[in-house]
Each structure stands twice: as structure tokens, then as C-alpha cells.
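Please look over the fold of this protein and report how its parts are arranged. Keep it short and organised by region.

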Amino acid sequence: MSDLNFSSLHLSKQVLANLEELEYNQMTPVQAMSLPHVLQNKDVIAQAKTGSGKTAAFGIGLLNKIVLTDYTVQALVLCPTRELADQVTKELRRLARFTQNIKILTLCGGVAIGPQIKSLSHPAHIVVGTPGRILKHLDKGYLHIDELQTLVLDEADRMLDMGFVEEIQKVMAFVPSKRQTLFFSATYTDEIRKLSESLQNNAVNIMTVHSEQPNKIAEHFYDVDGDKMLKTVVNVIAKFKPDNVLVFTNTKIDAKQVVKYLNDNGIESSTLHGDLEQYQRNDVLVKFSNHTIPVLVATDVAARGLYIKELSMVINYGLPFERNVYTHRIGRTGRAGKTGIAVTLYTGKQAHKAKDMINGSRIFEKGSVLKNEIGFILKANNGTLVIEAGKRNKLRPGDILGALTGDVGLNGKQIGKIDIYDKQSYVAIERGLINKAIKGLKSQGIKGKRFSVWIMK
Ligand code: ADP
Ligand code: MG
């Protein structure tokens with residue numbers, strides 16, 4: 001890994017200018033190690049942790065090969081979850097910003113198939129999706145990938161964890177044998193190696209774990225009596241006073257209990273579980289990521305694909321069943337150079353196993369050392385405003401910010417994150433000002449147009 005400059009790669013001026021605009025000043029380690037091979041059309045298997053820039057490591061490569069005048073699917077990216085597929089699509093669109101008329105389509109399960117079939121009537125250049133739904137489209141003949149040049153398995157380890165191996169193998173029956181196959185994974189297990197051997201050709205093997213800055217995480221373990229565990233969650237949050245917390249539980253029942261207990265005890269929280277409708281799940285994710293709800297409680301399954309840029313704390317409510325589950329959970333905090341806090345609550349019986357989990361610095365204490373916090377309150381300052389308009393209405397964050405700080409008369413500091421989706425937008429705003437914002441937007445509109453506006457419950 002000698003040169004970290006993107007300009008050391010054979011990329012067009014346009015691509016380099018765009019990377020500069022994105023402020024991608026240097027390649028990340030996984031990009032520096034894999035892009036030269038990826039661009040030479042070699043098969044690559046790369047292991048790197050979450051947030052290390054894997055998407056661009058394959059994205060720049062596959063985009064480089066797309067022939068826009070060929071209206072065929074030339075690249076297929078398989079991802080474990082809808083959220084990850086959406087993130088990959090978003091990143092590919094950013095990387096392809098300057099490319100007119102490139103069509104990138106996301107095909108995931110859990111949403112109606114009809115509109116997907118309709119959009120497939122004009123073939124996309126790139127398809128990103130989850131294995132089950134992709135297979136369905138292939139089986140039914142809606143999706144054709146005979147001209148595929150690049151196949152990417154992103155987060156391959158998660159796909160295996162989720163039992164997608166069969167679907168992946170079935171998808172392979174549709175994929176031409178002459179192709180480039182790229183594998184990306186956060187861990188490198190025997191299963192991954194086997195799958196790679198069966199799908200790839202002389203793959204270049206890249207491991208970046210050692211060359212990267214590990215996340216900075218302070219790991220605390222508390223030995224707690226089973227019946228004091230709920231109370232201890234409150235004590236721990238009150239002690240560390242984090243901005244936001246992701247609480248992992250081992251079961252759905254625990255998740256429901258924890259969320260109820262926290263809300264009853266002054267700590268505003270929500271839960272993600274499999275029984276939620278997609279829109280409800282989306283609402284919870286929006287609120288947690290824009291900091292209008294400080295605590296999210298979830299099982300591992302429910303939290304799959306969840307990516308929160310700045311997470312101050314992870315709590316394990318009960319010892320995770322396995323060490324890599326532990327590592328995976330706590331790896332969501334301590335990013336971007338900030339120190340994260342990981343707290344694990346376990347019962348005395350699990351002490352032995354708990355001591356085996358720890359990665360770095362060791363802090364073991366009895367839960368009883370924690371102060372019993374009464375009347376501690378954790379509430380977000382902001383609430384979320386929903387605007388019934390989004391990308392389809394050509395809304396951009398600047399338009400909303402402009403309307404709120406202009407006609408409506410708010411101050412930029414009172415406005416938090418703005419997320420724009422296809423048909424809706426979400427704005428984090430200081431709670432006390434939400435009604436003013438709603439009233440103002442209703443009467444003044446945005447860029448001269450009026451849209452429905454309400455508070456997300
Ligand atoms: P991973 O797939 O490894 O978890 P992503 O591809 O999602 O990581 O990238 C994580 C973040 O880093 C994204 O916000 C992405 O835009 C950003 N990023 C990627 N490459 C670079 C780079 N070379 N310089 C700066 N930021 C980058
Ligand atoms: Mg990724």
C-alpha cells in the first residue's frame with residue numbers, strides 16, 4: 001500500500017474530480033489495497049471492518065466498466081438487508097454523480113413486487129438487492145443478467161449468518177461464468193473462504209484488519225442479579241450520560257420489557273422488532289439516527305444493517321451468546337476517532353464467559369457499585385417533523401433549511417439533521433419550536449409550494 005492518492009489509479013479526470021468534491025482525499029486502506037486489483041478486473045476477496053469504505057472499493061471498480069449505451073444489467077450487488085442495499089445504492093449514486101443516464105435499481109424483499117417489475121421493463125445498468133428478491137425476479141424472468149460483468153457479494157458474512165447461502169447459489173445459476181466476482185466481508189471465516197473458493201477465480205485475498213485503527217471503545221462489565229438488570233440499565237445510562245444508546249437484548253421479550261421500563265423511568269426509548277411494518281421501522285430508524293430519540297432497544301436480528309454514524313454507547317442487556325456477536329455489537333460505537341462506551345450486564349453465573357469476551361481494556365465491576373439513580377431523565381431536545389414531499393418533488397436539504405430559517409423565522413442552530421426520502425422528508429427540530437415550524441411551513445410553503453406537514457409520533 002504505497003500510494004494512498006486516488007490519482008495513482010487509472011481513473012478518468014471526471015471520476016477524480018468527483019472524488020475530490022466528495023472530499024475523499026485519500027483512499028482508505030481497503031480501497032488502496034483492493035482498487036488496483038479490482039480495476040484490473042481480478043477477483044478480490046477483502047476483509048475490512050464496517051465503515052472502512054468497502055462500497056467505494058468495489059463501486060469505483062464496477063462503475064469504471066459500465067457501458068452506458070448498453071441497456072443491460074452489467075453489475076449486480078447482493079446485500080444482506082434492505083437498509084444496506086439502500087446505503088450501497090446511495091453511495092454508488094454519489095460515486096456516479098457526473099454520469100448522465102446511469103440507471104441503478106434497488107430490488108429488495110419486504111416491499112411490493114409490482115413497482116419493481118415495472119421498473120425492470122427498462123433494464124438498469126446496475127442492480128443492488130437482497131438475494132431472495134433478486135432470485136424471485138430471475139426465476140420469473142423479470143430480471144436478466146446474461147450480460148453481467150461484475151458480481152459483488154457485500155457483507156458476505158452477514159448474508160451467510162442470515163441463511164442466504166442457498167439463494168446465493170441459486171442466483172449463481174443465472175450468472176455468466178465469465179465475470180468478475182468481488183467479495184466483501186467484515187470477518188473471514190471458514191464458510192466465507194469456502195464460498196469464495198466455489199464462486200471466485202484465483203481471488204486476490206486482502207485483509208486490512210491489522211492496518212486499521214481499531215475503534216476506541218471502553219468496555220465495562222457489570223455483574224448483576226437477574227432481577228436488578230432493568231434497574232441497572234437506568235443506572236448505567238445515568239452514570240455515563242451518553243448522547244445516544246443502542247441496547248441489545250438477546251430476545252424480543254427482553255427488548256419489549258426494557259423499552260417499557262426505560263420509558264416508565266424517564267428515559268425516552270423505542271424498539272425495533274420484526275413485527276413492525278416497514279414504515280414503522282423506518283420511522284424508528286429516522287428518529288434514532290437524527291437524535292430525536294436517544295435510546296434504541298433491539299435484538300441482533302432487528303438491528304441488522306442499522307448504521308448510525310455517531311453512537312456514544314452500546315449496552316448488552318445480558319451476555320451475548322457468542323464472542324463475535326459481542327464484537328459486532330460493540331463495534332458500532334467508537335467510530336470516527338471518538339471513544340465509545342460498551343457496557344455489558346451479565347449475571348454471576350456467566351462471569352467466566354464474560355471474561356472471555358473482552359477485547360481490550362478490562363473493567364469488571366459489581367452492578368451494586370452503581371449509584372441508584374432516581375429521577376434521572378434522558379429526553380431528546382429535538383422532535384421530528386415530517387414533510388409530505390421528497391426527492392420526487394425535487395426537494396433538497398437546502399430548500400427546507402431555507403424555508404425554515406427564512407420565512408418561518410427559525411435559527412439554523414435550532415434545526416438538526418434533514419433526511420430526504422423519495423416521497424417524504426424528515427427534519428429534526430427543537431421540540432418547543434415544532435408547532436411554529438408546522439404553522440410557518442403550512443402558510444409559507446417551501447419554494448412556493450405547500451405540502452402537508454406533521455410531527456412524527
Ligand atoms: P463499509 O461498507 O466498509 O462499512 P462504506 O462504504 O459504507 O463502509 O463507507 C463508510 C463511509 O465512509 C461512507 O460515508 C463513505 O462515503 C465514506 N468514505 C468511503 N471512502 C472514503 C474515502 N476514501 N475518504 C473519505 N470518506 C470515505
Ligand atoms: Mg458496506
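## The helix pair H10 and H11

H10 and H11 are oblique to each other, therefore neither roughly parallel nor roughly perpendicular. This is a predicted model. Helix H10 covers residues 229-240, and helix H11 covers residues 252-264. They pack at an angle of about 55 degrees. Their axes lie 10 Å apart. The crossing of H10 past H11 is right-handed.

On the H10 side, the contact uses Leu-230, Lys-231, Val-233, Val-234 and Ile-237. H11 contributes Gln-257, Val-258, Tyr-261 and Leu-262. By class, the residues of this contact are seven nonpolar, one polar and one charged.

## Domain layout

The domain assignment splits the protein chain into three named parts: domain 1 (6-207), domain 2 (216-369) and domain 3 (382-455). The centres of domain 1 and domain 3, taken over C-alpha atoms, are 34 Å apart.

## The parallel sheet

Seven strands make up an open sheet. Their order is E3-E4-E2-E5-E6-E1-E7, and the pairing is parallel. Strand E3 (104-107) and strand E7 (204-207) are at the edges. Each has a single partner strand, so one side of each is left without a neighbour in the sheet. On average, neighbouring strands are turned by 15 degrees against each other, direction ignored.

What joins E5 to E6? Strand E5 (residues 150-153) and strand E6 (residues 180-185) run parallel and are linked by four bridges. One pairing is Thr-150 with its bridge partner Gln-180 in E6. Helix H2 (residues 29-39) packs on this sheet. H2 touches strand E1 (44-47), E6 and E7. The direction of H2 makes about 170 degrees with that of E7.

## The helix pair H3 and H4

Helix H3 spans residues 54-65, and helix H4 spans residues 82-95. The two pack at an angle of about 55 degrees, with axes 10 Å apart. That makes H3 oblique to H4. Their crossing is right-handed.

Which residues meet here? H3 brings Thr-55, Ala-56, Phe-58, Gly-59, Ile-60 and Leu-63. H4 answers with Val-88, Glu-91, Leu-92 and Leu-95. The residues of the contact divide into seven nonpolar, two polar and one charged.

## The helix pair H6 and H8

Helix H6 (residues 131-139) packs against helix H8 (residues 165-172). The angle is about 35 degrees, and the axes are 9 Å apart. This crossing is left-handed.

From H6, the contact takes in Pro-131, Gly-132, Ile-134, Leu-135 and Leu-138. In H8, the residues met are Glu-167, Ile-168, Lys-170 and Val-171. Six of the contact residues are nonpolar, one is polar and two are charged.

## The antiparallel sheet

A second region to examine is an open sheet of four strands. Its order is E16-E17-E15-E18, with antiparallel pairing. Strand E16 (415-420) and strand E18 (453-455) are the edge strands, and each pairs on one side only. Neighbouring strands of this sheet are turned by 20 degrees against each other on average, direction ignored.

Strand E15 (residues 382-387) pairs with E18 in the antiparallel sense. Three bridges hold that pairing. Val-386 stands opposite Trp-454 in E18. E16 and E17 also run antiparallel, joined by four bridges. There, Asp-419 has Tyr-426 in E17 as its bridge partner. A hairpin of four residues connects E16 to E17.

## Helices on the antiparallel sheet

Helix H12 (residues 278-289) lies across E15, E16 and strand E17 (425-430). H12 runs at about 40 degrees to E17. Helix H15 (residues 397-405) also packs on the sheet. H15 touches E15, E16 and E17. The direction of H15 makes about 140 degrees with that of E16.

Key: Residues numbered from 1 in each chain as written. Chains lettered and ligands numbered in written order. Predicted model: local features only at pLDDT ≥ 70, side-chain atom pairs only at ≥ 80, totals over all residues. Heavy atoms only, no water. Axes fitted to C-alpha atoms, helices over the stretch in contact; angles between N-to-C directions. Parallel < 35°, antiparallel > 145°, perpendicular 65-115°, else oblique. Left-handed = near helix turned anticlockwise from the far one by under 90°. Contact = heavy atoms within 4.5 Å. Nonpolar A, V, L, I, M, F, W, Y, C, P; charged D, E, K, R; others polar. Domains from an automatic or database assignment. Pairing = 2+ DSSP bridges.
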